[in-house]
Structures are given as C-alpha cells and as structure tokens.
Amino acid sequence: MIPRTAPRVVLVTGKGGVGKTTVAVALALRYAERGLSTVLVETAGAELVPGIFGVEGQGYTPTLVAPGLWTLRLTPEEAIEDYVVQQVRFRRLYSMVFKNRVMGPFIDAVPGLHDAVQLGKIFDLYRESLGGRPRWDRIVVDAPATGHGLTMLGSARALMDLTRAGPLHDGVKQVQDVIGDPQRTGVLLVTLPESLPVNETIELGARLGESRALLRGVVLNSAVSAPVTAGELRLVEAGLSTLPGGEEVARLAARRLRQVAAQEGAAARLQAALSVPTVTLPDLRWGDAPIDRLGAAELSNLGGLLPLAELGL
Amino acid sequence: MSAKVVICCGSGGVGKTSLSAALALRLAHGGARVAVLTIDPARRLADSLGVGAIGNEPVAVPMPGPGSLDALMLDARHTFDALVRRFAADAAAAERVLANRYYQFASTRLGGSHEYMAMERLLELAQSGRYDVVVLDTPPTRHALDFLRAPERMSGLMDQGVLRWLVMPAGAGGWRALEVGSDVVSRVLKTLLGEGTVSEIAEFFEAFRGLGEGMRQRSLSVQALLRAPGTRFLLVSSPSAASRAEALHFLSVLRAEGMPFGGFLINRVAVPPRELVVGDLVAACAAEVQPEVTAAIGLRLRGLCAQHGRLAAAHQRAIQTLRSAGPAGAPCWEVPEQDEELLELTGLSGLSPHLPDADALWGAGSSAR
C-alpha cells in the first residue's frame, strides 16, 4: 500500500545516463513553484545543476538558485567532516585525527561510512527548523546511479548491523528511522523506455528488499513520438525508396514507430512487475532547444508533466 | 609475459559493456586470444555475446578461428576469498580472516571492494599466459577514483604502520604513529564508533596481519600493470553533456595518475539524413497515392529528418568539445547510432567497422599476438 502523505524526502535514482538529474531538477522546480521550500541535493557524478541554473557553483551549504529552490552539492568528504565535527565538537580535533596520513585509509575502510554520512546530511536537512517549523518542505536528492543508489539507501542499515551498539549505531538508527520510513521518504526510479533499461529496472525492483515500500513510481524518461503512423509509412514507402537517401528516411521513421511501440510495452511491463505508477516524460532533445543546453525553463515545463498526486509525492 | 590490456571507462548508460564486448570480439577476429571481463552487475554481457551465462570462470564465446574470446564476470567475494587463501600463512589463518564479520562486510559491501577485486582479477588474467589481450569493462566513472586507486588504498590500509597502530594498545608505541596524544585519539574514536566497534576492527586487522605483505606486493603489480606500455585506457562516452563531463573528469584522473590514454570511443553518434524534398516524394508516389496525402506525410517526414539533422550537428559540436579537451591528436572512434533490429541480426560484430583494431591501439605491426 502506498501511503498517501507526500514524503518530505524524495530520492531520485536510476542507472547513469537516463536523466536522473533532469528529473530531480524538474521535480524540485515543481515543488518550489507550488510554494514549497525546497532543497535539491546533488550527489552523483559530474556537477550538472549549476549549469542548468547558470550559477557559478554550489557548495556544501544550500545556495538559492530559483524562487523557493536551493541546491547543494554533497560529497562524502565534507559529510564526514561535518559529522565528526558535530560529534567531537572541535574542528581542530577533526583535523588532527582525520587529516592524518595514518587515519585516512582507516576511515575509508569503514564499510558504508561514506554513504551513511551522506544520508546523515540529508537527515540533518530533514530535521533543520526555522521559526518553529521545518526549514525544508521538500528535500529532493539526485542520488547516485542505481547500484550505488541502492547501496546508499541501505548504508544506514548496513552500518547499524555492523556496529550493533555505540554512538555511531544510535546515530545511524536515527537516520534509518527517517530514510527507511515510507511516510517520510519516497524513491522515484528513472529509466529509459527501452527493453534493456526496463528489464534492469524490473530486476532492480526485485532487489529493493525492505526499501521496496519507499518506491513511489517509475519515470520513463526521454520518450519519443512518431511523426507518421505505420499505415502512412507503408503508403509512401515504395516511392520513398526511389529517392536518394529515401531508404534512410524510411528506416528512421520505422525506428520511431518501433520505439513508440516498445515504449508502450515497457510501461505496461513495469506497471505489472512493480505495481507502482509509471510516468512517461518526453525526450527534450527533439524540441527546439539544442541538446546539452537545457535550462531551468525547459525543466520547469517538464516538471509540470509529473502527476504528483498520482505518485503520492 | 603479461597480456596487453584495454580498459574501457565511462559513465553509465553509454553502452560501455556492449562496446567492450564488441571490441574484444573485433580483436579476437583479428587473431588474438582475448578475454573480456565485466564488472557491470547489469549482467548484459551474456545477452549481447549470445552465451547462456557468464560467471567468475571464463566462458568461451563460440566464434570461427583463428582467434578466441573468453568472457567473464567478476565475482568480487569469490576473488577476495581466493586472495586471502593465497596469502594467508596457513589454512587456519585464512579461515580466521574469512570468518571475521568485518571481513565479510568489507569484501561484499565495502564501497571500492568491487573495484579492488576487478583490478586483482585483471592482473590474474593478464598474467595467466592464456591471453594476448584482456579487455576490462569498468563500473561507471563515479567510482573512477576508487577503481584506479583501490589497490593503492588497500595497500595503504595494509601498511604495517596502520596495523601496528590499530592492534597495539595505547602506550605501547602504537598511538604514537598519529603524532597526537593517545588519550585524544582513543576518545575521538570511541566517541565516534563506540568501544565495541573499535575492538572488532582491531581484531580484523590482527587477523589480516599475516596477509599484509603479499597483498601489498600484489597491489604494486596492479599499479605497474595499469601503467604498462601495453595498457590502453579508452574513454567511452555518448555525445551527451553528462557523459562528456564525466569523460573529461576521468581524463584528468588518468593524467594525474600517469596512466596511458588510448583514445575516445564515442557511442551512439547520430548520422544526419539527407534532406527530404516533399515535391519529389509526391512525384515518386503519384501513381499510387493522392498528392495531398503524400504531401502531408512528406512534411512530417521532412520534420523528422530535420530533427535528426539538428541532433547530428549537436553531436558533432559535442565531440569537438570533447576532443579539444583531450591530448592533441588523440584518436577518436565514432560508433553511429545503431538500428536495434539491425544489431540483432549482425550481433556485436556489426560494430566492428567502427572500432579500433590491434594496429590502431598499439601501432602498426604490433600484432596483438
């Protein structure tokens, strides 16, 4: 059962190259436009968010990039420093112990610590308050690519199992109570409407384990539309093949038709396998904006296409 | 003598696994004995090579001679266990490590253990004498640093200094390695981790102690292999902004680490179609279709061509940006967007004409054999 309360934390994840950042930004803009105080947390790969909003860069503390929308960049190194300084209270102690040549590899080797401290920062944002109410109405996380997104999601639990007791254990338990709670955290999976990515998403759904309850929906990103119907293509095919380069045009059109058919099949298979809503978003490459230059305006339009109520977000 | 090595790097979703397999196939068709190792948990390699399943042991891909192709998928836990058994002083010491809870976490759930084991497996294959070339498909570049530095990091961890420090009680010289007061360090660690965890980790290191030197040597061999004259790093990218940014990031890492860059492999490059003249189409179809019907369809088809033309132009701009960021004169191979159906017919060998052969990778006459 999907709880109907919208979670305040939304993790957007999926394999690399499927448009996670695009979807995360679109969702965050949609929230901000609805008057919700929103922070977008970028964790994955290359830093894309500043380019979208035309700002210089982003730091570990939130930067205002659009009305109601702040962004921040979360790196494990800064998150660890933040956590340790919170715990031991003295920055100098942190530097002495953790910037130490001997200590570095040791800290690197604590399983799941990198991921868990990043979750910890998300938890801090969740807890942050301003004037007696939560500072952030929505925390949208552009999570690492799936294998890793799942690792991150499970990291607090893994670290709890490892530590069994002690202050770190208690700390991560608090985090897990928020991140593992479907009322407070939701996961949006992004994939492409093609057969292989959809198969992988279905496999991933099966591996979600106890995180399964967090899943709110799947976004099929970069869907295309066909300029002609199969019947229309058949009508002109013979004539087309007599023109120079005509066969290539026929192949392009036929490919589009196949893609559209595959898209429909993919959505149906996903829905059957995961029983969560699937949402199809158009491929923005085919619009008038040159690729690689998507800005806030295009992504805001894209965000408008997300059926928030249906997704329970 | 060690085999030549090709390491395909790039962000996720650029078709790295397929291209790695296609490249391995191409080199095998050229007469070399090739192994392709994937660590992509997506398990797609078996599908694209037409073999049932791929596991930790080599599976021969059916192909006509003279070369041969074996495919493998990394099993990190299995590889790690084998490494422990190999370097432990005796069976009992190996079992102590394998049974340690911290080891079990480290070998399966520790970020970076996959990368470390991929390097280990690569070394095994390269030194086995069974192959002329080993092609490695790597995890997405978010782990680029992890993956290149994993062996180094692990050897740093196994460094006797750390071990001594961790397993020796405070006051016996161990804490001194940190050059801060022992009371401070122990207070910080206990505050952070709790006393129980600290002692469990110490047990792990104690059990691992005997393995340290062997594993450190192994790491050094991996580092040497990654920088060997027969090693090539290929950056696989699609012409999209995100994967391009990752490719550039990776390039800077390679440069900083002094690892040999072999060139760019750009996947799914759009090919511009010829412009469609609607009047010509109307004339060509005049015998069978009403002119206005053809004209309406033709207009929409022309729009489709224009879209593809714009995309192809954008791709070329993107590729230029990427190349200009790379070393001058670095080779660049473009793999055109493939028709999925066509690819099913020809299989991965359909990509061969677009991929480098042994001469292109290692210079003319440097037969991969």
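Chain A has 13 helices and ten strands, both being DSSP runs numbered from the N terminus (helices are H or I with at least four residues, strands E with at least two). This is a predicted model, where local features need pLDDT of at least 70, side-chain atom pairs count only at pLDDT 80 or more, and totals for chains, interfaces and linings use all residues. Residues are numbered from 1 along each chain as its sequence is written, while chains are lettered from A and ligands numbered from 1 in the order in which they are written.

**Overall picture**
- Of the 313 residues in chain A, 49% are buried, meaning 20 or more other C-beta atoms lie within 10 Å of a residue's own (exposed is 12 or fewer, partly exposed is in between, and C-beta atoms are placed from the backbone).

**Helix α9**
- Helix α9 of chain A runs over residues 195-207, and its end C-alpha atoms sit 19 Å apart, which agrees with the 18 Å expected for 13 residues at 1.5 Å a residue (the expected span is 1.5 Å times one less than the number of residues).
- Pro197(A), Val198(A), Glu200(A), Thr201(A) and Leu204(A) are buried in α9(A).
- They cover an arc of only 160° around the axis, so they're on the same side of α9(A); the arc is that of the directions from the helix axis to the C-beta atoms.
- Just after α9(A), Gly209(A) takes a positive phi of about 60°.

**Near the chain's last helices**
- In α12(A), residues 296-303, the buried ones are Leu299(A), Leu302(A) and Gly303(A).
- Their arc is only 100° around the axis, which puts them on the same side of α12(A).
- Pro307(A), in the loop between α12 and α13 of chain A, is exposed, with 11 other C-beta atoms within 10 Å.
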